[in-house]
Amino acid sequence: MSELTLSPAASTGSATTAAPNVGLPLWLLAEVTYRCPLQCPYCSNPVDFARQGNELSTQDWIRVMTEARAMGAAQIGFSGGEPLVRQDLAELIGEARKLGYYTNLITSGIGLTEQKIADFQRAGLDHIQISFQSSDEQVNNMLAGSSKAFAQKLAMARAVKAHGYPMVLNFVTHRYNIDDIDRIIELCIALEADFVELATCQFYGWAKLNRAQLLPTREQLERAERITNEYRAKLEASGNPCKLIFVTPDYYEERPKACMGGWGAIFLTVTPDGTALPCHGARQLPIQFPNVRDHDLRHIWYDSFGFNRFRGDAWMPEPCRSCDEKEKDFGGCRCQAFMLTGDAANADPVCGKSPEHRIIVQARSEAAQPVPTTQPLIFRNDRNSRTLGNP
Ligand code: FES
C-alpha cells in the first residue's frame, strides 16, 4: 500500500466512544474494487483476488463510511485495484466529504480524464496520488502491461496540478528502475511535483511471488538513498518545495517496522467484497475476518476475533515477549511473519533477534546475484490470479 499521512485538519468531527485500550480506526482504506487495467508484478493485492466475492454496492459503501466516521475515522483512501473503474466513485467521494472525511484518491491515472478530475473536485476530493512504474516510457509500459500507460500518466499528472491539487507522485522502486533514481527525481521536478514517494518495493502479494527479480541489492539501495539525499539538499538550496520521501525496504533493516501502527490500532481496510481487515495484507492469514455485509463496524473493530488477534502483547511468543522494544515495533509485521515463517504470531524475521532472521539474510545474498533470467516476471492479472490463487 502507498504511504499515507493523517491530516490534523481532518481529525475533528463526530463524537466517538472508544472501548478501553483500543484505539480509534482513524484511517479507512476503501479498496473499492480489485479490477485494474494494469498488471504490475509488485501489486500488493492478494494473489487470489480474481476468486473473491462480488463488490459492495454504492449503498454498502455509504453505510461503511458512515459507521466508520461515527467511530472516529478521519481520513479515507479510495484505492483498489484501480478505483476509477467504479462508476460511482464521484458519488462515494461526495458522500465521504459530506460525512467530514479528508478524502484521498490513490490511482494509477489510467481512466482519469479532465472531466473526472473536475467532477471529483466538485464532489470535494482533497488529495490525488498518481503512481508511476518508471521514468522510462518503455520500462513503465512493460511493468504496467500497457503501451499507453506512461503518456496517460504524464498527461493526468499535469491535469491534476492544473486543477490546483498538490501533485503527489508515487514510484515503487526495485531492480528494474532503482538505478534510474536520478531520472525519476528529474521527471518529478520537471512535472513540478509537490511530494514524491520513492517507495522501495515491499514484498507482499504479487511482489512476494516476484521477489527474486525485484529485490535490489544493498549497493543499489544505498546509492539510491545517497542520490535522493543529494537531490533533497539541491532542492532545498534552490527553494524548490518538492519533498522527496524515501521508503527503505524491510529486507535491509535489522529491526522491523511498527506495521500499521499496531494491529487494529489505527487502520481499517475494507476490501471490495466487504471483508474487513486490520491491514491490506491480512487476507492471506489463516484467520476468518468479518464482513461488513454481516456485521456493523463497531462489532468488527472492537469485538471480532480477527481484529483482536494481535492487539496488545499477550499473544507474543519469545523473543518478542521479553523484548524491551516490543512497545515500539509490536513484533513487526504479522503478514510478513506469516509469509516467511508460516506462523503470524512469530517475530517478524526482519528483526535481527528473530530465530528466523536467516531467511532475510538469505534473500539479501540471493539479491546480490544476477537476476535469474529463467524466471520471468509474473504479472498481476485475472488469468494468473485464477491459476496461482489457492482454490
Ligand atoms: Fe499486515 Fe503488516 S501488512 S500486519
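Which residues touch the most other members of the largest nonpolar core? In this chain, which I should say at once is a predicted model, that core counts 105 residues, and the ones that touch the most other members are Ala73, Phe78, Leu169, Cys188 and Leu268. I will come back to two of these, Cys188 and Leu268, after a few words on the chain as a whole.

The chain holds 15 helices and nine strands. Its radius of gyration is 20 Å, close to the 21 Å that the globule rule gives for 391 residues, so the chain is as compact as a globular protein of that length. The C-alpha trace spans about 55 × 50 × 45 Å along its principal axes, and 44% of the 391 residues count as buried. If we take the contacts between residues at least 6 apart in sequence, 74% of them join residues that are at least 24 apart.

Let me turn to Cys188, which belongs to helix α6, residues 181-190, where it is buried together with Ile181, Ile184, Ile185 and Leu187. Why do these buried residues lie on the same side of α6? They cover an arc of only 155° around the axis, and that puts them on one and the same side of the helix. As a general point, an α-helix has 3.6 residues a turn, so residues three or four places apart point the same way. The elements that cover this buried side include the strands β5 (168-173), β6 (195-200) and β7 (243-247), together with the helix α9 (218-237). For Cys188 itself, if we do not count residues up to four places away in sequence, the residues touched are Leu169, Ala193, Val196 and Cys242; Leu169, you will recall, was also named among the core residues that touch the most other members. Just after α6, Glu192 takes a positive phi of about 60°.

The other residue I promised to return to is Leu268, which sits in strand β8, residues 267-270. Is one face of this strand covered, or both? Both are, since Phe267 and Thr269 on one side and Leu268 and Val270 on the other are all buried. In a regular strand, the side chains alternate between the two faces of the sheet. As for its partners, β8 pairs with β1 in the parallel sense over four bridges, and within that pairing Val270 stands opposite Ala30. With strand β9, residues 276-277, β8 runs antiparallel and is joined by two bridges, and here the bridge partner of Val270 is Ala276. These two strands, β8 and β9, form a hairpin with five residues between them, and Gly274 in the turn has a positive phi of about 95°.

Finally, let me look at the loop that follows β1. An unreviewed UniProt entry carries the annotation "binding site" on Cys36, Cys40 and Cys43, and I report that as it stands in the record. Cys36 lies in the loop between β1 (27-31) and α1 (58-70), and Cys43 lies in the loop between β1 and α1 as well. Are these cysteines buried or exposed? Cys36 is buried, with 24 other C-beta atoms within 10 Å, and Cys43 is likewise buried, with 24 other C-beta atoms within 10 Å. Leaving aside neighbours within four places in sequence, Cys36 is in contact with Gly80, Gly81 and Glu82, whereas Cys43 is in contact with Gly205, Trp206 and Arg380.

Definitions and conventions
Residues are numbered from 1 along each chain as its sequence is written. This is a predicted model: local features need pLDDT of at least 70, side-chain atom pairs count only at pLDDT 80 or more; totals for chains, interfaces and linings use all residues. A residue is buried if 20 or more other C-beta atoms lie within 10 Å of its own, exposed if 12 or fewer, and partly exposed in between; C-beta atoms are placed from the backbone. The arc is that of the directions from the helix axis to the C-beta atoms. Two residues are in contact if their C-beta atoms, placed from the backbone, lie within 7 Å. A nonpolar core is a set of buried Ala, Val, Leu, Ile, Met, Phe, Trp, Tyr and Cys residues joined through C-beta atoms within 7 Å. The radius of gyration is taken over C-alpha atoms; the globule rule is 2.2 Å times the number of residues to the power 0.38. UniProt positions are given in the numbering used here, feature names are shortened, and annotations may be inferred rather than shown by experiment. Two strands pair if DSSP finds at least two bridges between them.
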